[in-house]
Amino acid sequence: MKCNHCKELTDEAGKSCIEQVPIFHGLSKQEVNEIAKIKISRQFKKGEFLFLSGDQVNNLYVIHKGKVKISRTSDEGKEQIIRVLGAGDFVGELSLFTHSRSKSNAEVMETSSICIIDGKKIKDLIYKNPGISIKILQELSERMENAENLIEQLGIHDVEQRVVDVLLSMADEEDKVTLSMSKKDLAAHIGTSQETLSRKLSYFQSKGWIKLSGQRKIDILDRHSLVNARKG
């Protein structure tokens with residue numbers, strides 16, 4: 001696989017994308033070298049797609065640096081963001097277990113470094129090292145649980161509860177929130193419009209519960225009131 005945009009990628013600690021991904025932890029140096037031989041590394045720009053709904057996905061994509069959003073679009077054109085992947089995450093794993101076409105879109109959210117690993121060849125490696133498949137299944141189980149939680153939120157909770165939930169889930173120990181995506185994408189993730197999200201955030205700020213700082217910074221000033229609003 002030759003690629004004019006491809007080069008070996010390492011992070012600040014000098015780790016390659018193979019060493020960075022949890023599913024490959026515990027592999028021998030020889031096994032890591034085997035994977036290195038069947039992957040290419042490429043830079044993607046914001047707005048590029050790794051694949052689209054309906055595509056036949058034949059590779060495993062490993063995010064070395066950057067972010068990729070996984071989403072689906074309804075017949076009416078409404079986007080629902082399923083999850084956002086960051087460094088060390090991967091997508092395309094279903095190509096290792098099924099030949100069905102993708103039902104999701106994988107869009108790059110910022111300039112990103114991606115390792116692309118040939119699906120058929122890594123499948124052969126998995127047969128020799130079942131530990132990799134176990135780690136992939138563990139990751140898939142966690143994603144399924146997150147998807148079920150998202151379905152519950154969309155089906156049971158109203159918009160205000162969903163906004164509170166996402167703020168509390170993103171808050172650090174000092175109750176500071178740095179949004180990992182734009183407000184447009186965040187709104188799509190929790191199943192509402194950007195305008196509704198902005199109104200809810202402005203309402204919370206007017207009540208003194210939060211403080212908005214720029215486009216992506218939010219300070220939670222009154223967690224107790226937010227929690228009570230969620231209980232509603």
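A charge sits over a ring if NZ of Lys or CZ of Arg is within 6 Å of the ring centre and within 35 degrees of the ring normal. I wrote that down first, then went looking for a case. I found arginine 42 lying over the face of phenylalanine 44, at 4.1 Å from the ring centre. One caution for all these entries: I am working from a predicted model.

**Entry: overall picture**

I began with the inventory, and the protein has eight helices and 11 strands. The chain has 232 residues, and 44% of them count as buried. I looked up the accessible surface too: it is about 13000 Å², with 48% of that belonging to carbon and sulfur atoms. Then I checked how far along the sequence contacts reach. Taking contacts between residues at least 6 apart in sequence, I got 72% joining residues at least 24 apart.

**Entry: the sheet with strand 1**

In what order do the strands of this open sheet come? I read off 1-8-3-6, four strands with antiparallel pairing. Its edges are strand 1, residues 39–44, and strand 6, residues 90–91, and each of these pairs on one side only. I followed strand 6 to its partner, strand 3 (residues 59–65), and counted two bridges in the antiparallel sense. Across that pairing, I have valine 62 down with phenylalanine 90 of strand 6 as its bridge partner.

Something also lies across this sheet. I noted helix 3, residues 119–128, crossing strand 3 and strand 8 (112–118), at about 65° to strand 8.

**Entry: the sheet with strand 2**

I traced another open sheet of four strands, in the order 2-7-4-5, again with antiparallel pairing. Strand 2 (49–51) and strand 5 (79–85) are its edge strands, each pairing on one side only. I put the twist at an average of 30° from one strand to the next.

At the strand 2 edge, two bridges join strand 2 to strand 7, and the two run antiparallel. Here I found phenylalanine 51 opposite alanine 106 in strand 7.

Just before strand 7 I stopped at serine 104, which lies in the loop between strand 6 and strand 7 (105–108). Is serine 104 buried or exposed? Its relative accessible area is 11%, so it counts as buried, the cut-off being under 20%. I then listed what serine 104 touches, leaving out residues up to four places away in sequence: Phe51, Leu52, Ser53, Ile70, Ser71 and Arg72. Phe51 in that list is the residue I had just seen opposite alanine 106.

**Entry: strands 9, 10 and 11**

I moved on to strand 11, residues 217–220, which strand 9 joins through three bridges in an antiparallel arrangement. Threonine 178 stands opposite lysine 217 in strand 11. Strand 10, residues 210–213, is also antiparallel to strand 11, with four bridges between them. In that pairing I marked leucine 212 opposite isoleucine 218.

Strand 10 and strand 11 make a hairpin with three residues between them. In the turn, I saw that glycine 214 has a positive phi of about 70°.

That sent me looking at another positive phi. Aspartate 175 has phi near 60°, and it is a residue other than glycine. I placed aspartate 175 in the loop between helix 5 (159–170) and strand 9 (176–178). With a relative accessible area of 18%, aspartate 175 is buried.

**Entry: an arginine in helix 5**

While at helix 5, I looked up arginine 162, which sits in that helix. I half wondered how covered arginine 162 is, and its relative accessibility is 7%, so it counts as buried. I also checked arginine 162 against leucine 197, 35 residues apart along the chain: their C-alpha atoms are separated by 9.8 Å.

**Entry: aromatic rings**

How many aromatic pairs does the structure hold? I have four in my notes. In one of them, tyrosine 203 and phenylalanine 204, the ring centres are 6.0 Å apart and the planes are at 55°, so I call the pair tilted. Phenylalanine 204 also pairs with tryptophan 209, tilted as well, at 5.6 Å centre to centre with 35° between the planes. That gave me a cluster of Tyr203, Phe204 and Trp209, linked by ring pairs.

I checked how covered these residues are. Tyrosine 203 has 35% relative accessibility, so it counts as partly exposed. Phenylalanine 204 is at 0%, so it counts as buried, and tryptophan 209 is buried too.

Note on methods. Residues are numbered from 1 along each chain as its sequence is written. This is a predicted model: local features need pLDDT of at least 70, side-chain atom pairs count only at pLDDT 80 or more; totals for chains, interfaces and linings use all residues. Side-chain values use heavy atoms; hydrogens and water are left out. Two strands pair if DSSP finds at least two bridges between them. Contact means heavy atoms within 4.5 Å. Axes are lines fitted to C-alpha atoms, for helices over the stretch in contact, and angles run from 0 to 180 degrees between N-to-C directions. Buried means under 20% relative accessible area, exposed over 50%, partly exposed in between (1.4 Å probe, protein chains only). Accessible areas come from the Shrake-Rupley method with a 1.4 Å probe; for residues, only the protein chains shown count as cover. Rings of Phe, Tyr and Trp (its six-membered ring) pair if their centres lie within 6.5 Å; planes under 30 degrees apart count as stacked, over 60 as edge-to-face and the rest as tilted.
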